[in-house]
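Grab a pencil and work through these short exercises with the model open beside you. Each one has a task, then a solution that goes step by step.

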Amino acid sequence: IETKPKGGKIRLCYTSTPQRGLEILVPVFMKLAETNPDIHLDVFSSFKIYGWDEADKQFEPLYDEIRNHPNMTYHGYATQEKLHEHLQNCHILAYPSIWKETSCLSLIEAMSAKLLCIHPNYGALTETSMGLTWMYQWNEDKNAHASNLYQVLKQAINIMHNHRDAIDADLHLQKIQTDRIHSWQNKVPEWTDLLQSVVSNSNK
């Protein structure tokens, strides 16, 4: 089974737009880094993905916190090719979503790349993850949410350090299941059938 790089830093990543939970992740990661100097957070997050450059301005103070921390790197917007390449060398997706997703491409891509995915049981994340990820209880109170995230990430980092072999097989199966269920090869016929059904019912 092909596994993630072992030894060296444990690399976490956040790969969604900033309003979906980045403000919760950054202080939690800072706290974790105080006692885990060999962890690193890569942040791929920007409204440039939608062409909304102006929307990033309100998040510049948060981006600066990331830029100024030795254990974090702010990448901003990245092409899908660059992001996919980076995910191959990453270990944990940290996604404290406060956004009620209807689906989540960031989560699907991370699951396919065999990352240990950490996220709350909120919106469609539960359905999208198919019970293959590490979910924690979502809480609308941001302090409580941050506390839940901290505990789960602390455990995940410990496992990556000390028990990697115990989860490699699980992450491999996660990839197989994700690619089977969430691939466009399977999704296109599902959407085609749904749209044809809607059209058929509207013509009755």
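## Warm-up

Arg11 has a relative accessible area of 23%, so it counts as partly exposed (buried is under 20%, exposed is over 50% and partly exposed lies in between, using a 1.4 Å probe and protein chains only). You're looking at a predicted model, where local features need pLDDT of at least 70 and side-chain atom pairs count only at pLDDT 80 or more, while totals for chains, interfaces and linings use all residues. Residues are numbered from 1 along each chain as its sequence is written, and side-chain values use heavy atoms, with hydrogens and water left out.

## Exercise 1

Work out which residue forms a salt bridge with Arg11, and where the two sit in the chain.

*Step 1.* Look for a side-chain nitrogen of Lys or Arg within 4 Å of a carboxyl oxygen of Asp or Glu, which is what a salt bridge means here. Asp42 fits, with its closest N–O pair to Arg11 at 2.9 Å.

*Step 2.* Place the partners: Arg11 is in strand β1 (residues 10-14) and Asp42 in strand β2 (residues 39-43), so the pair links distant parts of the chain, 31 residues apart. (Strands are DSSP runs of E, at least two residues; helices are runs of H or I, at least four; both are numbered from the N terminus.)

*Step 3.* Check burial: Asp42 is buried at 1% relative accessibility.

## Exercise 2

Find the salt-bridge partner of Glu60, then the network it belongs to.

*Step 1.* Arg67 pairs with Glu60, with 3.2 Å between the closest N and O atoms.

*Step 2.* Shared partners join Glu60, Asp64 and Arg67 into one network.

*Step 3.* For accessibility, Arg67 is partly exposed at 40%, and Glu60 is partly exposed at 30%.

## Exercise 3

Test whether the length of helix α1 agrees with its residue count.

*Step 1.* The expected span is 1.5 Å times one less than the number of residues. For the 14 residues of α1 (residues 22-35), that gives 20 Å.

*Step 2.* The end C-alpha atoms are 21 Å apart, which agrees.

*Step 3.* Now look at its buried residues, including Leu25, Val28, Phe29 and Leu32. Among the elements covering them are β1, β2 and α6 (142-162).

## Exercise 4

Say whether Leu107 is buried or exposed, and what it touches.

*Step 1.* Leu107 belongs to helix α4 (residues 105-112).

*Step 2.* Its relative accessible area is 0%, so Leu107 is buried.

*Step 3.* Beyond neighbours within four places in sequence, its contacts (heavy atoms within 4.5 Å) include Leu93, Cys117, His119 and Thr133.
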